[in-house]
Amino acid sequence: MAASSETNEVCVTIKWSGKEYSIEHLPPSETVRYLKELIKEKTGVLPERQKLLGLKYKGKSPDDDVRLSALNLKPNTKIMMMGTREENLAEVIAPSEELVNNQVINDFDIEEDEIQIENRDENLAKINKRVSDYKVEVRHPPRAGKKLLVLDVDYTIFDHRSVAETGLELMRPYLHDFLTASYEHYDIAIWSATSMKWIEAKMKELGILDNPNYKIGFLLDSGAMITVLSSKYGLIETKPLGVIWGKFEEYSSKNTIMFDDLRRNFLMNPQNGLKIRPFREAHKNRHKDKELLKLTKYLKKIAKLDDFSNLNHKYWESYKP
């Protein structure tokens with residue numbers, strides 16, 4: 001979408017929700033906000049709901065006031081957009097709604113046609129690339145005979161939106177007891193959709209990395225995630241456990257369980273994901289939240305199984321061996 005001068009108009013193609021929208025005669029002197037307004041006319045998605053993937057300015061996503069001429073984009077560039085119309089947002093928004101970069105990204109229930117995402121060749125190719133390129137720092141090697149527990153951070157074990165004097169005030173109740181009990185049967189990994197620097201800082205603040213009662217096997221950040229295209233929801237970032245299974249022969253779909261407050265992170269491995277209730281407003285809820293106590297019992301029960309493949313974690317609270 002780059003022009004050779006300020007006067008050359010450009011054309012772009014917006015890819016969203018399985019369709020393409022052409023925007024022609026776009027003046028490079030206009031701003032990103034102007035482009036978003038044109039996209040709104042084509043798609044009905046408000047500018048504040050739009051996340052344009054692939055646009056970069058000085059190494060990061062451009063602000064709305066950045067001129068298009070500064071983006072150095074090639075002619076006829078295709079831009080992937082992630083966003084939801086207001087009328088659809090009201091239908092799919094859930095209590096676990098998350099704000100990311102001031103954009104509303106919604107959780108949703110996986111429908112039958114969405115499950116096929118895990119088998120698409122292009123998504124499997126992305127996983128293979130992550131297995132090849134992503135570097136995992138092993139803090140504690142896998143233990144023979146142990147299963148694997150993969151934990152999200154934000155709203156799963158930590159309320160990252162509330163304000164407190166120390167991070168410990170935002171820690172989910174019974175976290176260390178939960179990790180200690182789980183470690184008897186499970187190796188433990190942390191996977192957050194943020195940077196490794198942030199993850200390490202929070203883990204140290206919560207006293208997780210140097211706890212004498214359990215060990216963390218490894219940490220994964222956003223670099224291990226992949227984007228998948230959903231016909232209904234557009235482009236979505238997800239956490240494919242296949243990256244871990246490709247890195248460690250000890251772990252597989254038979255012995256891995258993943259806790260996350262967002263179901264979309266399970267799109268590539270729906271059988272292995274357990275949607276935990278989000279932990280929010282820590283000051284109000286820290287004295288009554290017992291989610292980890294209940295999950296401790298569940299993990300202990302299923303640890304006796306040789307294969308998790310027949311479990312439906314959606315009904316974990318009513319599970320009986």
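## A tour of two sheets, their helices and a cavity

Start in β13: select G273, the bridge partner of M258. What you have on screen is a predicted model, so keep that in mind as you go along.

**Stop one: the parallel sheet.** Now widen the selection from M258 to the whole of β12, residues 256–260, which runs parallel to β13 and is joined to β13 by three bridges. Next, bring in the rest of the sheet. Five strands make up this open sheet, and reading across you meet β9, β8, β7, β12 and β13 in that order, with parallel pairing. Which strands stand at the edges? Colour β9 (218–220) and β13 (273–275): each has a single partner strand, so one side of each is left without a neighbour in the sheet. If you look across the strands, the twist from one to the next averages 25°.

**Stop two: a helix across the sheet.** Select residues 291–302 to bring up helix α9. This helix lies across four strands, namely β7 (147–151), β8 (186–191), β12 and β13. Line your view up with β12 and you will find α9 running at about 165° to that strand.

**Stop three: a helix pair.** Keep α9 in view and add helix α5, residues 175–183. The two axes are 9 Å apart and the packing angle is about 5°, which means that α5 is roughly parallel to α9. To see what makes the contact, show side chains for L175, F178, A181 and S182 on α5, then L292, L295, T296 and L299 on α9. How many of these contact residues are nonpolar, polar or charged? The count is six nonpolar, two polar and no charged.

**Stop four: a cavity.** The structure holds two cavities of 30 Å³ or more; we will visit the second largest, with a volume of about 40 Å³. Select H140, P141, R143, Y183, D187, I188, K215, I216 and G217 to display its lining. By class, this lining has four nonpolar, two polar and three charged residues. Two landmarks from earlier stops help you find your way: Y183 belongs to the 175–183 stretch of α5, and D187 and I188 fall within β8 (186–191).

**Stop five: the mixed sheet.** Finally, move to the other sheet, where four strands in the order β2-β1-β4-β3 form an open sheet with mixed pairing. The edge positions go to β2 (19–26) and β3 (51–53); each has a single partner strand, so one side of each has no neighbour in the sheet. Here the twist averages 30° from one strand to the next. Zoom in on β1 (residues 10–16) and β2, an antiparallel pair joined by six bridges. Pick K15 and look for its bridge partner in β2, E20. Then add helix α1, residues 32–43, which packs on the sheet and touches β1, β2, β3 and β4 (77–82). The direction of α1 makes about 135° with that of β2.

Methods
Residues numbered from 1 in each chain as written. Predicted model: local features only at pLDDT ≥ 70, side-chain atom pairs only at ≥ 80, totals over all residues. Heavy atoms only, no water. 1 Å grid on protein atoms, 1.4 Å probe; cavity = no way out; pocket = protein on both sides within 12 Å on 5 of 7 lines; lining within 4 Å. Points joined across faces, edges and corners; volume = space filled by probe spheres on them. Nonpolar A, V, L, I, M, F, W, Y, C, P; charged D, E, K, R; others polar. Pairing = 2+ DSSP bridges. Axes fitted to C-alpha atoms, helices over the stretch in contact; angles between N-to-C directions. Contact = heavy atoms within 4.5 Å. Parallel < 35°, antiparallel > 145°, perpendicular 65-115°, else oblique.
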